Structure formats: C-alpha cells, structure tokens
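These are my notebook entries on one chain. I set down what I looked up, entry by entry.

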Amino acid sequence: MKTYDVTMRFQFPAWDEKEGITYYDIRAASKSQAIKYARSRGFDDGHTGQGKGRTTFTAKEQHTN
C-alpha cells in the first residue's frame, strides 16, 4: 500500500474550485485505485454533479524522506 494525494479538477469550476479539490493521504495499492477512492469521496461530499463539465483526477504518490 502507498499513500497518494489526489486532485480533482473541473472543466467549469466554481470560483472556489479554480485550483481543484485535493484529497490527501489516500491509502491505495495503485494510482488508479487512489483515483477510484477519491472519485467516491467527491461524490459523497457533493462535489460532482451537473454543470461542472468533465472532471479530471491526478494522483501523486507521497514520498517520505
């Protein structure tokens, strides 16, 4: 398991969504699984819906030094 930060961006963001919405510390086996978890959390939080256009996700692995 690795830890990822996943950023969700919208084609037509609201003023407070210009930089995207980031979900931190998602534990997953792969980037695709981390994106799946973030997509589910975004839906549960009410961030996905009509009028926002396409939604893109970017997962970055956290590196500990």
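**Entry 1: the sheet.** Before reading the sheet I fixed the term: two strands pair if DSSP finds at least two bridges between them. The model is a predicted one. With that criterion I found three strands in an open sheet, in the order S2-S1-S3, with antiparallel pairing. Strand S2 (21-28) and strand S3 (55-61) are at the edges; each has a single partner strand, so one side of each lacks a neighbour in the sheet. I also looked up the twist: on average, neighbouring strands are turned by 25° against each other, direction ignored. In general, strands of a sheet pair through backbone hydrogen bonds.

**Entry 2: S1 against S3.** How many bridges join strand S1 to S3? I noted seven, with S1 spanning residues 2-10 and the two strands running antiparallel. I then took one position from the pairing: Arg9 is placed opposite Thr56 in S3.

**Entry 3: the helix.** I asked which strands helix H1 lies across. H1 covers residues 31-45 and lies across S1, S2 and S3. Its direction relative to S2 is about 130°.

**Entry 4: confidence.** I checked the scores before going to side chains. The average pLDDT of the protein is 90, and 97% of the residues score at least 70. Among the elements, the lowest mean belongs to H1 (94) and the highest to S2 (96). I kept one caution in view: where pLDDT is low, the predicted coordinates should not be read in detail.

**Entry 5: Thr7.** I located Thr7 in strand S1. Is Thr7 buried or exposed? Its relative accessibility is 13%, and the limit for buried is under 20%, so Thr7 counts as buried. Its side chain makes a polar contact with the side chain of Thr22, at 3.1 Å. Apart from neighbours within four places in sequence, I listed contacts of Thr7 with Glu19, Gly20, Ile21, Thr22, Thr56, Phe57 and Thr58.

**Entry 6: Met8.** Met8 also lies in strand S1. I read 0% relative accessibility for Met8, which therefore counts as buried. Beyond neighbours within four places in sequence, the contacts of Met8 include Gly20, Ile21, Tyr23, Gly42, His47 and Thr48. Thr55, Thr56 and Phe57 are also among them. I computed one spacing as well: the C-alpha atoms of Met8 and Tyr23 are 8.1 Å apart, with their positions 15 residues apart along the chain.

**Entry 7: Thr48.** I followed one of the contacts of Met8 to Thr48, which sits in the loop between H1 and S3. Thr48 has 28% relative accessibility and counts as partly exposed. Leaving aside neighbours within four places in sequence, I found Thr48 in contact with Met8, Gly42 and Phe43. Thr48 and Phe10 are 38 residues apart along the chain, and their C-alpha atoms are separated by 8.9 Å.

**Entry 8: the salt bridge.** I searched for salt bridges and found one in the structure. Which side chains meet in it? They are those of Lys2 and Glu61, at 3.9 Å from N to O. The pair links distant parts of the chain, since Lys2 is in strand S1 and Glu61 in strand S3, 59 residues apart. In general, side chains of opposite charge can pair when their charged atoms come close. I looked up accessibility for both partners: Lys2 is partly exposed at 39%, and Glu61 is partly exposed at 31%.

Conventions: Residues numbered from 1 in each chain as written. Predicted model: local features only at pLDDT ≥ 70, side-chain atom pairs only at ≥ 80, totals over all residues. Heavy atoms only, no water. Helix = DSSP H or I, 4+ residues; strand = E, 2+ residues; numbered from the N terminus. Axes fitted to C-alpha atoms, helices over the stretch in contact; angles between N-to-C directions. Contact = heavy atoms within 4.5 Å. Buried < 20%, exposed > 50% of the residue type's maximum accessible area, 1.4 Å probe, protein only. Polar contact = N/O pair within 3.5 Å; in protein donor to acceptor, adjacent residues only side chain to side chain. Salt bridge = Lys/Arg side-chain N within 4 Å of Asp/Glu carboxyl O. pLDDT = per-residue confidence, 0-100.
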